[in-house]
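User: I'm new to this one and would like a friendly walk through it. Could you show me the structure, and then we'll go question by question?

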Amino acid sequence: MESNGTRFDFVSLAKRSSAVHSTYKLVRDARTFPRDRRIDFGRLRALFKVLPNTMLAVVRLLAAYEAVLNINREGIPGDFVECGVWNGGCVGLMALANKANPGPQRSIQLFDSFEGCRSHRWKTLTCSSHFLITIRAKS
């Protein structure tokens, strides 16, 4: 579509506007939403907040949200951990779910190499070393 000699580029607009970006992802992934369950307004609002900061599909984010609700409902103690954080969208959604439906007191741990992983062995060593560094720092 042309307008005054400039080409309208929806993708670049979506990257600049978090609202447009979130709307685009919701519409794109709408066909993957679970048909047997309705998405309430609170979950939709939480999704809308975190979508610009995640590479996960909406259906996977909904699964993470549901997991937090179930864990809190059952009163299971412990912390939440996300490995491979990128911009923190998924863990942000988990924190929003935890805040909206509180359970036992817990902290949220984030782990990332910030460099990507070269091989399976390297991933294991990196995650282990980050975990050990975190544990030693708390001791």
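Analyst: One term before we start: a residue counts as buried when its relative accessible area is under 20%, as exposed when it is over 50%, and as partly exposed in between. Also keep in mind that this is a predicted model.

User: Fine. What pattern of helices and strands does the protein follow along the sequence?

Analyst: There are 6 helices and 4 strands to place. Read from start to end, they come in the order β-β-α-α-α-α-β-α-β-α.

User: What share of the protein's residues is buried?

Analyst: The protein has 139 residues, and the cut-off for buried is a relative accessible area under 20%. By that count, the buried share is 27%.

User: Let's zoom in on α5. Which residues of that helix are buried?

Analyst: Helix α5 covers residues 89-100, so DSSP's run gives us 12 residues to look through. Its span from first C-alpha to last is 16 Å, close to the 16 Å expected at 1.5 Å a residue. The buried ones are G89, C90, V91, L93, M94, A97 and N98.

User: And which elements do those buried residues pack against?

Analyst: Two of the partners are helices, α3 (41-50) and α4 (58-74). The others are strands, β3 and β4, at 80-83 and 108-111. Put together, the buried side of the story for α5 involves α3, α4, β3 and β4.

User: Which helix supplies the largest share of the largest nonpolar core?

Analyst: That core has 18 residues, and those with the most contacts inside it are L26, L47, V58, L61, Y65, L93 and M94. Helices α3, α4 and α5 each supply at least two of the core's residues. The largest share, 7 residues, comes from α4.

User: V58 is on that list. What does V58 touch, leaving out residues up to four places away in sequence?

Analyst: V58 is one of the residues with the most contacts inside the core. With those sequence neighbours set aside, V58 touches K25, L26, D29, F33, L47 and L51.

User: Is R43 buried or exposed?

Analyst: R43 sits in helix α3. Its relative accessible area is 18%, and the cut-off is under 20%, so R43 counts as buried.

User: Which side chain makes a polar contact with that of R43?

Analyst: Beyond four places in sequence, R43 touches Y65, E66 and L69. One of these is joined to R43 by a side-chain polar contact of 2.3 Å. That partner is E66.

User: How far apart in space are A46 and L93, C-alpha to C-alpha?

Analyst: A46 lies in helix α3 and is buried, with a relative accessible area of 6%. Apart from neighbours within four places in sequence, A46 is in contact with Y65, L93 and L96. A46 and L93 are 47 residues apart in sequence, yet their C-alpha distance in space is 6.3 Å.

User: V50 is in α3 too. Which residues is V50 in contact with, leaving aside neighbours within four places in sequence?

Analyst: V50 is placed in helix α3, and at 7% relative accessibility it counts as buried. V50 and G88 are 38 residues apart in sequence and 8.2 Å apart in space, C-alpha to C-alpha. The contacts of V50 are G89, G92, L93 and L96.

User: Now the strands. Which residues of β3 point to the buried face?

Analyst: Side chains alternate along β3. V81 and C83 point to one face and are not buried. The residues pointing to the other face, the buried ones, are F80 and E82.

User: Which residue in β4 is the bridge partner of E82?

Analyst: β3 and β4 run parallel, joined by 4 bridges. One of these pairs V81 with Q109. For E82, the bridge partner is L110.

User: Which hand does the β-α-β unit have?

Analyst: The unit is made of β3, α5 and β4. Its two strands run parallel. The hand of the unit is right-handed.

User: Last one: what is phi of W86 near?

Analyst: W86 is found in the loop between β3 and α5, and at 44% relative accessibility it counts as partly exposed. Its phi is positive, in a residue other than glycine. The value is near 55°.

Note on methods
Residues are numbered from 1 along each chain as its sequence is written. This is a predicted model: local features need pLDDT of at least 70, side-chain atom pairs count only at pLDDT 80 or more; totals for chains, interfaces and linings use all residues. Side-chain values use heavy atoms; hydrogens and water are left out. The expected span of a helix is 1.5 Å times one less than its number of residues. Buried means under 20% relative accessible area, exposed over 50%, partly exposed in between (1.4 Å probe, protein chains only). Contact means heavy atoms within 4.5 Å. A nonpolar core is a set of buried Ala, Val, Leu, Ile, Met, Phe, Trp, Tyr and Cys residues joined through side-chain atoms within 4.5 Å. A polar contact is a pair of N or O atoms within 3.5 Å; within protein, one must be able to donate a hydrogen and the other to accept it, and residues adjacent in sequence count only if both atoms are side-chain atoms. Two strands pair if DSSP finds at least two bridges between them. A crossover is right-handed if, with the strands pointing away from the viewer, the path from the first strand over the helix to the second runs clockwise.
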